[in-house]
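Me: Hi, I have a structure open and would like to go through its empty spaces and its ligand with you. Can we take it step by step?

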Amino acid sequence: MNLTGRSFIEPPDFSVEELDGLIDFAGEIMAKPSAYAERAKGSLLATLFYEPSTRTRFSFEAAMLKLGGQVIGFSGEQSSSAAKGESISDTIRTVACYADIAVIRHPKEGSAKVAAAAAGIPVINGGDGGHQHPTQTLTDLMTIKLEKGRLSNLKVGLCGDLKFGRTVHSLARALCRYDGIEFILISPEELRVPDYVKVDISGAGGCAYREVERMQDVLPELDILYMTRVQKERFFNEEDYIRLKDSYILDAEKMRLAREDMTVMHPLPRVNEIAAEVDSDPRAVYFKQAKNGMYARMALILSLLGIE
Ligand code: NCD
């Protein structure tokens, strides 16, 4: 696997073998982090976050620091020259004068691709609007592999805001390239998966899916339930958000309908969609998932920088 100098904008940028290689590498780092503590010494990561973030930004920063590298960046466009009207291309060209690798999160779909085209250094998409979030997917694939021991032959329920939820779009695109995956898409009619994602998941060699509205009907058949929050910031009016925000609430009672070995995932942040009482259920792995994300990003940074 050689990912040196490449960018990661959406999951299909990497082959299944390359994704598997990254997941295995992340597992090796997790098993012996001290062996990697100096690997990125002398390298600089830039974090360009035009949208709020806790896990993605902190896990990238923690990843680089734990590899012995350093980090510069901004959080909120008001603190960069974007507030003066600078384009993404000009900002990233400037950042590339100082940093060796950059992560960008931006509210506009396609922004990371624009940045990658202008950068001349590896650019990682930390979320572009309601489009894609490939490093969350890397985290999710790693978590599934660790929890289930495989990335094939799984029945996966994706639940919540499947229209605007970029983590779902990226995960569906990545997982459908593995064998025997079946998706159950659980959402209100208005928050269904966009057609372009459906085309991807059902395309050549793709996987089966069905769309349902009631979570309870399908809970007993799932290997994995991937919950998501309703994406308030992407709604055009608040009334629709208020009407749809509590469409699904996973609680202890509903968990009784699920299999003993079902895994509950969530990219976080959660709002109301998972009751706090579920956190102590051994099937709930969302905080483990957040931790895995740091190791997945350590593996990605080292690979894109070409450091063994
Ligand atoms: C997600 C995101 O930003 O898309 N968060 C994350 O990176 N873990 C999910 C969300 O905001 O709902």
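Me: Which residues lie nearest the centre of the largest pocket, and how many residues line it?
Reply: In this predicted model, the largest pocket is lined by 21 residues, and those that lie nearest its centre are Arg105, Arg166, Arg229, Leu268 and Pro269.

Me: What volume does the largest pocket have?
Reply: The volume of the largest pocket is about 410 Å³, and the space in question is the one taken by the ligand.

Me: Which helices each supply at least two residues of that pocket's lining?
Reply: Helix H2, which covers residues 55-66, and helix H6, which covers residues 166-175, each supply at least two residues of the lining of the largest pocket.

Me: And how does the lining of the largest pocket divide by class?
Reply: The lining of the largest pocket has four nonpolar, 10 polar and seven charged residues.

Me: OK, on to the ligand. Which residues are around it?
Reply: The ligand is surrounded by Thr56, Arg105, His133, Gln136, Arg166, Thr167, Arg229, Gln231, Pro267, Leu268 and Pro269. By class, this shell around the ligand divides into three nonpolar, five polar and three charged residues.

Me: Which side chains have an N or O atom 2.7 Å from an oxygen atom of the ligand?
Reply: Arg166 has a side-chain N or O atom that lies 2.7 Å from a ligand oxygen atom, and Arg229 likewise places a polar side-chain atom 2.7 Å from an oxygen atom of the ligand. With Leu268 the contact comes from the backbone, where an N or O atom lies 3.0 Å from a nitrogen atom of the ligand.

Me: How much of the ligand does the protein bury?
Reply: Taken alone, the ligand exposes 320 Å², and the protein buries 94% of that area.

Me: Leu268 keeps coming up. Where does it lie, and what is its phi?
Reply: Leu268 lies in the loop between strand E9 and helix H11, and it has a positive phi of about 65° although it is not a glycine. Leu268 is also joined to Pro269 by a cis peptide bond, with omega about 5°, and Pro269 is found in the loop between strand E9, residues 263-265, and H11.

Me: Where else is there a positive phi in a residue that is not a glycine?
Reply: Asn153 has one, with a phi of about 50°, and its place is in the loop between helix H5 and strand E5, the latter being residues 154-159.

Me: Changing topic: how many cavities of 30 Å³ or more are there?
Reply: The structure holds two cavities of 30 Å³ or more, and about 70 Å³ of space lies in the largest cavity.

Me: Which residues line the largest cavity?
Reply: Its lining is made of Arg55, Ser59, Gln136, Thr139, His266, Pro267, Leu268, Tyr286, Gln289, Ala290, Gly293 and Arg297, which divide into four nonpolar, six polar and two charged residues.

Me: Which helix gives the most to that lining?
Reply: H11 gives the most to the lining of the largest cavity, with five residues. Helix H2 (55-66), helix H5 (134-148) and helix H11 (286-305) each supply at least two residues there.

Me: Which names should I carry over from the ligand to the cavity?
Reply: Gln136, Pro267 and Leu268 are among the residues around the ligand, and Gln136, Pro267 and Leu268 are also among those that line the largest cavity.

Key:
Residues numbered from 1 in each chain as written. Predicted model: local features only at pLDDT ≥ 70, side-chain atom pairs only at ≥ 80, totals over all residues. Heavy atoms only, no water. Near = heavy atom within 4 Å. Polar contact = N/O pair within 3.5 Å; in protein donor to acceptor, adjacent residues only side chain to side chain. Areas by Shrake-Rupley, 256 points an atom, 1.4 Å probe, with all protein chains shown as cover. 1 Å grid on protein atoms, 1.4 Å probe; cavity = no way out; pocket = protein on both sides within 12 Å on 5 of 7 lines; lining within 4 Å. Sits in = over half its atoms within 2 Å of the grid points. Nonpolar A, V, L, I, M, F, W, Y, C, P; charged D, E, K, R; others polar. Points joined across faces, edges and corners; volume = space filled by probe spheres on them. Helix = DSSP H or I, 4+ residues; strand = E, 2+ residues; numbered from the N terminus.
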